[in-house]
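Trainee: I'm new to this one. Could you walk me through the empty spaces inside?

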Amino acid sequence: MAFLQDPTLIVEWLRQLLLGWGLSPALTSLALYVLGALALATGPLLWVIFLIWFERKAVARIQDRLGPNRVGKYGLLQPFADVLKLLTKEDIIPAKADKFLYWMAPILSLAGVLLLWPAVPLGKGIGGNVNVAVLYLVAVGTLSTFAILVAGWSANNKYALLGAFRTVAQMISYEVPIVLALLVPVLLARSMNLQAIVAAQDVWFVVAAPLPALIFFVASIAEVGRTPFDLLEAESEIIAGFHIEYSGMKFAMFFAGEFLHAFTVGVLGAVLFFGGWRGPGAEAYPILGLFYLWLKAFLLYFVIVWVRGTFPRVRIDHLLDFTWKFLTPLALVVLMATAVLDKALVRAGAWPRALGLLVVNAVIWLLAQRWLRKVEKRLEPPMVAQPGQYPVARYTPPEPQAAEGD
Amino acid sequence: MVTTFVFLLTAVVMLVAALIAVLKDNLVHAAMGLVVTLFGTAVLFVLMEAYFLAVAQVVIYVGAIAILIVFSIMLTRRVGAAWGAQTNPTWPFALLVAGLLTVLVTRMVRAWAPDQVLPAAAAVPADITARLGAALVDPNGYVVPFEVASVLLLAALIGAVYVAWGGRKAEKETHK
Amino acid sequence: MDSTWVFIGVFFALAPLLAAAPIVIGHYLGPSKPNPIKNDVYECGLKTVGDAWVRFKVQYYLFALVFLIFDVELVFLYPWAVAYDMLPTFAVLEGLLFIVMLLAALVYAWKREALDWYD
């Protein structure tokens, strides 16, 4: 069981096996890369099938429903039935669509999410070790944006294009706070390598940078396009949004991409702010590190599902105001404060530094709250009907009836 | 060997994409061709082990500039239909100039390459990005261009917003 | 070449194939009975007027523009953050000045109502 302590032994064993079959060293390396890539890509793809079940079940419970419960125990086989159904659906291609781009969009959408994975460190010495990983994530994220733009445009449907435009405006707007928030862990770890960022988290960065963590998390939900930021599929306005003309497996790829992206946000949040694979015993047994990472990512993912089941959809002007007029300035201020304080406390130990940054974050948050309240008062007049105005319905609970016979 | 193969593949894809960008009369297709070309440039940077440059290329050119281009195409005219001719009457002269330039560059490269012993590629230091960052804000390095770039970008934003946007009121006036 | 980047290269080649495989399988497994009405544009049952490739409002362009400026500037800041240990106080201030310029850009766009959504 030596491979539990050093998973690279598996790779070595495979290499020897392939060499033993008479493959040349170069070909062996290539075969190993392909095998690794296949494993890393199919793992998340299969995991999505479970995620779909989990999310349907969780949202159903939040909404006081049962959720899938017919196929298999607890409806566990439901997603498999869905996959079979989607596979045998007719693949409708609109006559007026731009055929090539119409085919490319769903592929790009899912591939864009899968491509985030090679940068993720899965344990000590396993998984991504990319020197510019954080920017790599941002760069790969642009593929998803393009997929949506291409999907919306190629279908030649007004709703699809409207949905795509909205979505792209939303995605690029929320990318600004994300990129700003990502700068903070990079600054704290002095590296863009996610493996180094994990290694630097003797104290989880969420302690030193709670606001960037929150900004990253919220903006990422918007980037994925989930409730409450799911304007891309505001059914009452633009029907299904950019994927309105997609059916069968092509639609399923968008769907799978969205679910996997949501979970990937959980993984990235865990890596950047919650210590990644770190945990008791993870140094000695990297497999344990994988488990810790998965656990943290799953908890974050659960919060995303929870948010989805709880909040109503926001309006588009509110949506854009929220990122440009709140998250972005907030992220800029936090970034400056972190930069200054980090330089000032450079000689302090890990904990004092983290706690100092925590205090600064708290102060900024309180100031932001005060400012928000002020703006709130100016923007929204209280919703009370005034004489001469259009009446605003307001529910007033009936007065409790006085008991009779008094 | 592998590097050469990937380079050649990328080069062919980039050339085809560039031709699409220039020759297609469907503007969105042309824009997509441009995107592939820009992405290919990033692949070339990776081959040269300039990783930061590669991701920066994708983030800035593919992620921002290409989207801006696609947006502006969709904003300015009906893009579904083919629009106008792809060439103007002077195209033979342009072809001639381009051809001559190609010959010239090829000759120059051929004349130069055999005599030169290319220095062995130096190993890229591990902290290359950190060095870049330090050089950007080093008073003896590039601090002036760095700060000027920020002023330039600010000016670009002000100019662009000024030209494109008259404010909500003015915009409502023009749409009445 | 760094081996992780070779791996990423392989991944870049494989990921689209993996995403395409189910689509292609589904394309051939499912029935194919196209007819003009089924293949028409779905716009809530109304007859479609023209194609969808029409002009859009300038607002989208403005957001893309502001985003572009931010994107370019932020990419510059990443090496600065990575180099933080090597930086003297002066260099840190240089970076902060850079961020202040970003803030100024944001304030300008904000005051000009370029960030307001209008109908």
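**Cavities in the model**

Mentor: Sure, and keep in mind that this is a predicted model. Let's begin with the largest cavity, which holds about 220 Å³ of space.

Trainee: Which residues lie nearest the centre of the largest cavity?

Mentor: The lining of that cavity is made up of 14 residues. Sorted by kind, they split into nine nonpolar, three polar and two charged. Those nearest the centre are A:Leu137, A:Ile178, A:Glu223, A:His261 and A:Leu268.

Trainee: Which element gives the largest share of the lining of the largest cavity?

Mentor: Look at the elements of chain A that give two or more residues to the lining: α5 (133–154), α6 (158–189), α9 (210–224) and α11 (248–273). The largest share is four residues, and the element that gives them is α9(A).

Trainee: How many cavities of 30 Å³ or more are there?

Mentor: Besides the largest cavity, with its roughly 220 Å³, there's a second largest one of about 30 Å³. With 30 Å³ or more as the cut-off, the count is two.

Trainee: And which elements each supply at least two residues of the lining of the second largest cavity?

Mentor: From chain A, the lining takes A:Leu86, A:Lys89, A:Asp91, A:Gly248, A:Met249 and A:Lys250, while chain C brings C:Ile23, C:Gly26 and C:His27. By kind, that lining has three nonpolar, three polar and three charged residues. The elements you're after are α11 of chain A and α1 (3–29) of chain C.

Terms used. Residues numbered from 1 in each chain as written. Chains lettered and ligands numbered in written order. Predicted model: local features only at pLDDT ≥ 70, side-chain atom pairs only at ≥ 80, totals over all residues. Heavy atoms only, no water. 1 Å grid on protein atoms, 1.4 Å probe; cavity = no way out; pocket = protein on both sides within 12 Å on 5 of 7 lines; lining within 4 Å. Points joined across faces, edges and corners; volume = space filled by probe spheres on them. Nonpolar A, V, L, I, M, F, W, Y, C, P; charged D, E, K, R; others polar.
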